[in-house]
Amino acid sequence: MRQILIAVGIALTVSILLTPALIRLFTRQGLGHEIREDGPPSHHKKRGTPSMGGVAIMAGIWAGYLGTHLVGLVIDGRGPSASGLLVLGLATSLGAVGFIDDLIKIRRSRNLGLNKSAKTVGQLVTAVLFGVLVLQFRNTDGLTPGSAELSYVREIATVTLAPLVFVVFVVILVSAWSNAVNLTDGLDGLAAGAMAMVTAAYVLITFWQFRNACTTSPGLGCYNVRDPLDLALVAAATAGACIGFLWWNAPPAKIFMGDTGSLALGGIIAGLSVTSRTETLAIVLGALFVAEVTSVVVQVFSFRTTGRRVFRMAPFHHHFELVGWAETTVIIRFWLLTAIACGLGVALFYSEWLATVGA
């Protein structure tokens, strides 16, 4: 638990102190955000707000993770694990794709950065590498960071995917989560606040897996996760970095995370879900992100098939703005929904353990 608190503290400190420095730097360089012309009228005043704040989030996450391990090396000689590095590698690679996208938007003074093909290729290559590598690095107990068995709160032994199918599955997960968080990042603080809650839930889940790992506590209800404590550190560092960034990103935002942050944070959810064996449970924890991307799919499908729109604007957080809700009202209510979803997800996780132990 001490390591988790250290990770949160370092990540929060780095993020909250680095973000204003980035605000000053990006403002001097004229690296301002472009706004959709068809977006809510209230958003037009946000044009020119510094973007690419995701740099501070990723710096905070890495600082929290590596800083904690530096302390750990002194105390018990433990260093970073394959699971933790793979999740952070996935997030960083996606963040790099997002950084290029943000830079093109700013340099060309438009709301469109990389074209869809280039962006998709970047996500695809990153996801394939992660999908292949996550089945490697077997430890002395025979566990790899990921498992080819589909999972809910642990592996479902009756559903085992062939290696190629597993990689395709990972590509779908990475693409879905990174785009979902990206679409949610349309209101000040919405994505950062929601991510802080989702990763806080993952701290509880992965720490419980650590306390009940089959390698150290064999018996009913134990978990076969390769590096649960290290995953808890990744989740804790992410939560801390998001909270630190939220200090400056809360409405009215002084900086946006941009695709640099949103794609990276989507990668964190995808990576944690695979390495903690909770791919299905993640849908509950990240219900807000799922709802946001679903609203876009529904809107596009409805318009192309019937010529009608289900929402006034998608993603559907803009719909509520256009029907008269204040931006802060939408944000706070969506945060509340995220808190409920995370509480439900943790409850489902714990109830499964209770049912298994009781059996």
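Cysteine 214 is a good place to start: at 14% relative accessibility this residue counts as buried, a label given here to residues under 20% relative accessible area, with exposed meaning over 50% and partly exposed in between (1.4 Å probe, protein chains only). The model is a predicted one, in which local features need pLDDT of at least 70 and side-chain atom pairs count only at pLDDT 80 or more, while totals for chains, interfaces and linings use all residues. Residues are numbered from 1 along each chain as its sequence is written, and side-chain values use heavy atoms, with hydrogens and water left out.

The partner of cysteine 214 is cysteine 222; the two form a disulfide with their sulfur atoms 1.9 Å apart. A disulfide is taken here as a pair of cysteine sulfur atoms within 2.5 Å, and by this rule the count comes to one. The link between cysteine 214 and cysteine 222 is right-handed, with 90 degrees about the S-S bond. Cysteine 222 is buried as well, at a relative accessible area of 15%. As a reminder, a disulfide is a covalent bond between the sulfur atoms of two cysteines.

Why does cysteine 242 have no bond to the closest cysteine sulfur? That sulfur belongs to cysteine 342 and is 12 Å away, which is too far for a bond. Cysteine 342, for its part, is in no disulfide, with the sulfur of cysteine 242 as the nearest cysteine sulfur. Cysteine 242 is buried at 0% relative accessibility, and cysteine 342 is buried at 6%.

Turning to the interior, the largest nonpolar core has 83 residues, and Ile61, Leu265, Leu272 and Phe289 touch the most other members. A nonpolar core means a set of buried Ala, Val, Leu, Ile, Met, Phe, Trp, Tyr and Cys residues joined through side-chain atoms within 4.5 Å. Leaving out residues up to four places away in sequence, isoleucine 61 touches Ala11, Leu88, Ala237, Thr238, Ala241 and Leu265, where contact means heavy atoms within 4.5 Å. In soluble globular proteins, nonpolar side chains tend to be buried together.

Two residues of helix H6 add to this picture. Helices (H or I, at least four residues) and strands (E, at least two) are DSSP runs, numbered from the N terminus. Valine 198 sits in helix H6, which covers residues 190-211, and is buried at 1% relative accessibility. Beyond residues up to four places away in sequence, valine 198 touches Ile269, Leu285, Gly286, Phe289, Thr338 and Cys342. The C-alpha atoms of valine 198 and threonine 238 are separated by 9.7 Å, although these residues are 40 residues apart along the chain. Threonine 206 also lies in helix H6 and is buried at 0% relative accessibility. With the same exclusion of residues up to four places away in sequence, threonine 206 touches Pro228, Leu231, Ala232 and Ser276. Its C-alpha atom is separated by 8.6 Å from that of alanine 235, with their positions 29 residues apart along the chain.

Helix H4 can be followed from a buried residue to the surface. Threonine 126 is found in this helix and is buried at 11% relative accessibility; among residues more than four places away in sequence, threonine 126 touches Leu90, Ser93 and Leu94. Leucine 133 is in helix H4 too, which spans residues 116-133, and counts as partly exposed at 33% relative accessibility. Leucine 133 joins Val121, Val125, Leu129 and Phe137 in a nonpolar surface patch with about 430 Å² of accessible area together.

Phenylalanine 137 lies in the loop between H4 and strand E1 (149-151) and is partly exposed at 44% relative accessibility. Its phi is near 60 degrees, a positive value in a residue other than glycine. Methionine 52 likewise has a positive phi, near 65 degrees, and is found in the loop between helix H1 (2-29) and helix H2 (54-75). Methionine 52 is buried at 1% relative accessibility.

Two cis peptide bonds complete the description. One runs from proline 251 to proline 252, with omega near -5 degrees, and proline 252 is found in the loop between helix H7 (228-249) and helix H8 (258-275). The other runs from alanine 314 to proline 315, with omega near 0 degrees, and proline 315 lies in the loop between helix H10 (287-306) and helix H11 (316-322). Most residues other than glycine have a negative phi, and most peptide bonds are trans.

Definitions and conventions. Patch = residues over 30% accessible without salt bridge, like charges linked within 9 Å, V, L, I, M, F, W, Y side chains within 5 Å. Areas by Shrake-Rupley, 256 points an atom, 1.4 Å probe, with all protein chains shown as cover. Salt bridge = Lys/Arg side-chain N within 4 Å of Asp/Glu carboxyl O.
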